[in-house]
Amino acid sequence: FDSTGLGGLADARLTLSPQSIVAPVGSEVVLIGGIVDSQGRGAASQRVDWMLSPESVGEFVAVDQSASCFLLRFPSNRPRKVTNSYAISSTTTGRKAIGRGTATEQDNVVVERGQTYVTVSSPTDGASYVTAFAPHVPAWDLRKQNAVIYWVDAQFSFPAPAIAPIGER
């Protein structure tokens with residue numbers, strides 16, 4: 001891969017993880033997108049656009065701010081949250097960990113070379129429909145991926161123990 005595109009490789013594709021997840025209302029979900037070739041090698045310094053559909057609940061909270069020198073030459077490519085429902089990021093040039101503000105490193109999220117991330121949160125229950133788009137991937141069917149986050153406002157608890165005959169509550 002090179003910084004001016006994808007080195008002429010027509011087999012590049014966008015990946016997105018997770019593509020479907022259930023999360024508690026008020027939490028923050030990390031979505032990781034990446035651009036890879038058929039051998040799984042990541043493409044560094046590539047633009048990825050993130051969009052929340054209009055019927056979605058929630059908003060983008062954070063976006064990967066790492067940028068290569070190539071991307072900084074064009075102000076429109078600068079990684080940033082443009083609005084609460086549109087963000088621009090860039091795939092990383094090396095491996096890094098995203099800390100979640102806790103003392104333990106067990107809950108850190110690892111972003112590999114050629115990947116980027118965005119975080120989404122919602123104060124209400126419903127669904128967030130996120131689209132990741134890689135404008136420099138040549139194949140139209142391989143440059144867009146979708147994910148859905150189902151926000152649930154519920155607490156789980158086990159029922160109280162009870163002794164009852166079969167068939168009764």
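**Exercise 1. A residue after the last strand**

Does Ala154 count as buried or exposed, and what is its relative accessibility?

*Solution.* Keep in mind throughout that this is a predicted model. Start by placing the residue: Ala154 lies in the segment that follows E12. Next, apply the cut-off, by which exposed means over 50% relative accessible area. Ala154 has 53% relative accessibility, so Ala154 counts as exposed. Finally, look for a partner in space: Asp125 is 29 residues away from Ala154 in sequence, and their C-alpha atoms are 9.3 Å apart.

**Exercise 2. The overall plan**

Work out how many helices and strands the protein chain has, and in which pattern they follow one another.

*Solution.* Begin with the count: there is one helix, together with twelve strands. Then walk along the sequence, where the pattern reads β-β-β-β-β-α-β-β-β-β-β-β-β.

Now turn to burial and contacts. Of the 169 residues in the protein chain, 39% are buried. For contacts between residues at least 6 apart in sequence, 67% join residues at least 24 apart. On the outside, the protein chain exposes about 9,800 Å², and carbon and sulfur atoms supply 54% of that area.

**Exercise 3. The six-stranded sheet**

Find the order of the strands in the open sheet of six, and say which strands stand at its edges.

*Solution.* First, a reminder: strands of a sheet pair through backbone hydrogen bonds, either parallel or antiparallel. Here the order is E2-E12-E11-E4-E7-E6, and the pairing is mixed. The edges belong to strand E2 (20-24) and strand E6 (80-83); each has a single partner strand, so one side of each has no neighbour in the sheet. On average, neighbouring strands of this sheet are turned by 25 degrees against each other, direction ignored.

Then zoom in on one pair. Strand E4 (residues 47-52) and strand E11 (residues 126-133) are antiparallel and share four bridges. Within this part of the sheet, Met51 faces Thr131 in E11.

**Exercise 4. Strand E3 and its partners**

Explain why E3 can be called largely enclosed by the rest of the structure, and find how many bridges join E3 to E10.

*Solution.* Take burial first: eight of the nine residues of E3 are buried, so E3 is largely enclosed by the rest of the structure. Then take the partners one at a time. E1 pairs with E3 in the antiparallel sense over five bridges, and Leu16 stands opposite Gly33 in E3. E10 also runs antiparallel to E3, and seven bridges join them. There, Ile32 stands opposite Tyr117 in E10.

**Exercise 5. The nonpolar cores**

Identify the residues with the most contacts inside the largest nonpolar core, and the strands that supply at least two residues each.

*Solution.* The largest nonpolar core has 24 residues, and Leu31, Ile35, Trp50 and Phe60 have the most contacts inside it. Strands that each supply at least two residues of this core are E1 (13-17), E3 (28-36), E4, E5, E10 (115-121), E11 and E12 (144-152). Besides this one, a second, separate core has six residues, including Val30, Val109, Val111 and Tyr117.

As a last step, follow Phe60. Leaving aside residues up to four places away in sequence, Phe60 touches a list of residues that includes Trp50, Met51, Leu52, Tyr86, Val118, Val120 and Val130. Lys81, Asn84 and Ser85 are also among them.

**Exercise 6. Salt bridges**

Compare the burial of the two partners in the Arg41–Asp37, Arg47–Asp49 and Asp64–Lys96 salt bridges.

*Solution.* The cut-off you need is that buried means under 20% relative accessible area. The count comes to four salt bridges, and here are some of them, step by step.

- Arg41 and Asp37 meet at 2.6 Å, N to O. Arg41 is partly exposed at 48%, whereas Asp37 is buried at 0%.
- Arg47 and Asp49 meet at 2.6 Å, N to O. Arg47 counts as buried at 14%, and Asp49 is buried at 8%.
- Asp64 and Lys96 meet at 2.6 Å, N to O. This pair links distant parts of the chain, 32 residues apart: Asp64 sits in the loop between strand E5 (59-63) and helix H1 (69-72), and Lys96 in strand E8 (residues 96-98). Asp64 is buried at 0%, while Lys96 is partly exposed at 27%.

Key: Residues numbered from 1 in each chain as written. Predicted model: local features only at pLDDT ≥ 70, side-chain atom pairs only at ≥ 80, totals over all residues. Heavy atoms only, no water. Salt bridge = Lys/Arg side-chain N within 4 Å of Asp/Glu carboxyl O. Buried < 20%, exposed > 50% of the residue type's maximum accessible area, 1.4 Å probe, protein only. Pairing = 2+ DSSP bridges. Axes fitted to C-alpha atoms, helices over the stretch in contact; angles between N-to-C directions. Core = buried A, V, L, I, M, F, W, Y, C linked by side-chain atoms within 4.5 Å. Contact = heavy atoms within 4.5 Å. Areas by Shrake-Rupley, 256 points an atom, 1.4 Å probe, with all protein chains shown as cover.
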